[in-house]
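Please open the model in your viewer and keep the selection tool at hand. The stops below say what to select next and what is to be found there.

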Amino acid sequence: MNDEKIIVPLDVSDLESAIALMDQLPQVSFWKVGLELFTSTGPAILDVLKSRQKRIFLDLKFHDIPNTVAGACRAAARYGVDLLTIHATCGNDCLKAAVEAVQVGAEKAGTKPPKLIAITVLTSISARDLAFDLKIPLELPEFALEMALLAKNAGLNGAVCSPQEVAQLRDSCGKDFLLVCPGVRPSWAEKGDQKRSLTPSQAFQAGADFLVIGRPITAAADPVLAWDKICEELNLG
Ligand SMILES: O=C(O)c1cc(=O)[nH]c(=O)n1[C@@H]1O[C@H](COP(=O)(O)O)[C@@H](O)[C@H]1O
């Protein structure tokens, strides 16, 4: 295992702040661009990351009807990013359309298709939220597993899940299904809005391929120290 398994989100509002964060943490090789930054900068941020030979997780969490999602996936696949997200709750037809669309979009652009991964249940949702607010009549781990299996059967490459469900998803989805875990918190970090977290070492031990760790690093008084501390706790080099 190495530190390329830790993805850091560029959860900032503009290009300048994103570049400042990248400059501050040159050791990070895998960055995530999410809704806030992509809405602000468009693909310009992807060009900056590519010029620095960074890996890119484009986390746009598509969720719409199949025709619309397929169009968005075709467009996003042109960027030559490594990972792209869609919500599993888009449904089977939409997931299948997305799988086809990333192939078509990438082929047209002459680039490698991104690995398409499905959000199962957001890590900010508690079991109580799922049952009482979203009215889902399944236990949360069971629903997360159903969403991962739906994505796998539709041909997606993997899923995003909380570290609390990753062991179960790994058992059921097999070793080749990519499992990316946000909602990761070292014992010394604030949980914030994350409701189903585990520590980085617990998440890897449970079977995660990649961890997404943001504020424990990016909002730390000394982000480099926080990054080093996490790598040290994981024995990464
Ligand atoms: O798709 C994601 O990356 C994601 C899915 C999810 O269920 N929960 C979740 O927190 N994320 C993202 O992971 C990152 C977590 O950031 P921190 O909570 O600051 O570590 C954010 O950029 C979220 O958008």
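## Strands, then single residues

Begin by selecting strand E5 (residues 115-119) together with strand E6 (residues 158-160) in this predicted model; the two run parallel and are joined by 3 bridges. Within this pair, pick out Ile119, which stands opposite Val160 in E6.

Now widen the selection to the whole sheet, in which 8 strands close into a barrel in the order E1-E2-E3-E4-E5-E6-E7-E8, with parallel pairing. Neighbouring strands of this sheet are turned against each other by 25 degrees on average, with direction ignored.

For the closing of the barrel, select strand E1 (residues 6-9) and strand E8 (residues 210-212), which pair in the parallel sense over 2 bridges, and look for Ile7, which stands opposite Val212 in E8. Then replace E8 in the selection with strand E2 (residues 30-33), which runs parallel to E1 and is joined to it by 2 bridges; here Val8 is the residue that stands opposite Trp31 in E2. Following the chain from E1 to E2 takes you through helix H1 (residues 15-24), and this β-α-β crossover is right-handed.

While E1 is still on display, which of its faces are covered? Both are, since Ile6 and Val8 on one side and Ile7 and Pro9 on the other are all buried.

The next selection is residues 5-230, the range to which UniProt, in an unreviewed entry, assigns the annotation "domain: Orotidine 5'-phosphate decarboxylase". Over this range the chain is 45% helix and 16% strand, and the C-alpha atoms at its ends are 12 Å apart.

### Lys61

Move on to Lys61, where UniProt, again in an unreviewed entry, places the feature "active site", and which you will find in strand E3 (residues 55-62). Is Lys61 buried or partly exposed? Because its relative accessibility is 24%, and the buried class is limited to values under 20%, Lys61 counts as partly exposed. Show side chains here, and you can trace a polar contact of 2.7 Å between those of Lys61 and Asp59. If residues up to four places away in sequence are set aside, Lys61 touches Thr85, Ile86, His87, Ile119 and Leu122; Ile119 is the residue met earlier opposite Val160 in E6.

### Asp129

Select Asp129 next, which lies in helix H6 (residues 127-133). With a relative accessible area of 11%, Asp129 is buried, and its side chain makes a polar contact of 2.9 Å with the side chain of Lys195. Lys195 also appears in the contact list of Asp129, which, not counting residues up to four places away in sequence, consists of Ser124, Leu134 and Lys195.

### Ala226

The last stop is Ala226, in helix H11 (residues 223-233). Ala226 counts as buried because its relative accessible area is 6%. Display its surroundings, again leaving out residues up to four places away in sequence, and the residues that Ala226 touches are Trp188, Pro216, Ile217 and Ala220. To finish, set a distance label from the C-alpha of Ala226 to that of Ala189: the two residues are 37 apart in sequence, and their C-alpha atoms are 9.6 Å apart in space.

How values were computed. Residues numbered from 1 in each chain as written. Predicted model: local features only at pLDDT ≥ 70, side-chain atom pairs only at ≥ 80, totals over all residues. Heavy atoms only, no water. UniProt positions renumbered as here; feature names shortened; annotations may be inferred. Helix = DSSP H or I, 4+ residues; strand = E, 2+ residues; numbered from the N terminus. Buried < 20%, exposed > 50% of the residue type's maximum accessible area, 1.4 Å probe, protein only. Contact = heavy atoms within 4.5 Å. Polar contact = N/O pair within 3.5 Å; in protein donor to acceptor, adjacent residues only side chain to side chain. Pairing = 2+ DSSP bridges. Right-handed = clockwise from strand over helix to strand, strands pointing away. Axes fitted to C-alpha atoms, helices over the stretch in contact; angles between N-to-C directions.
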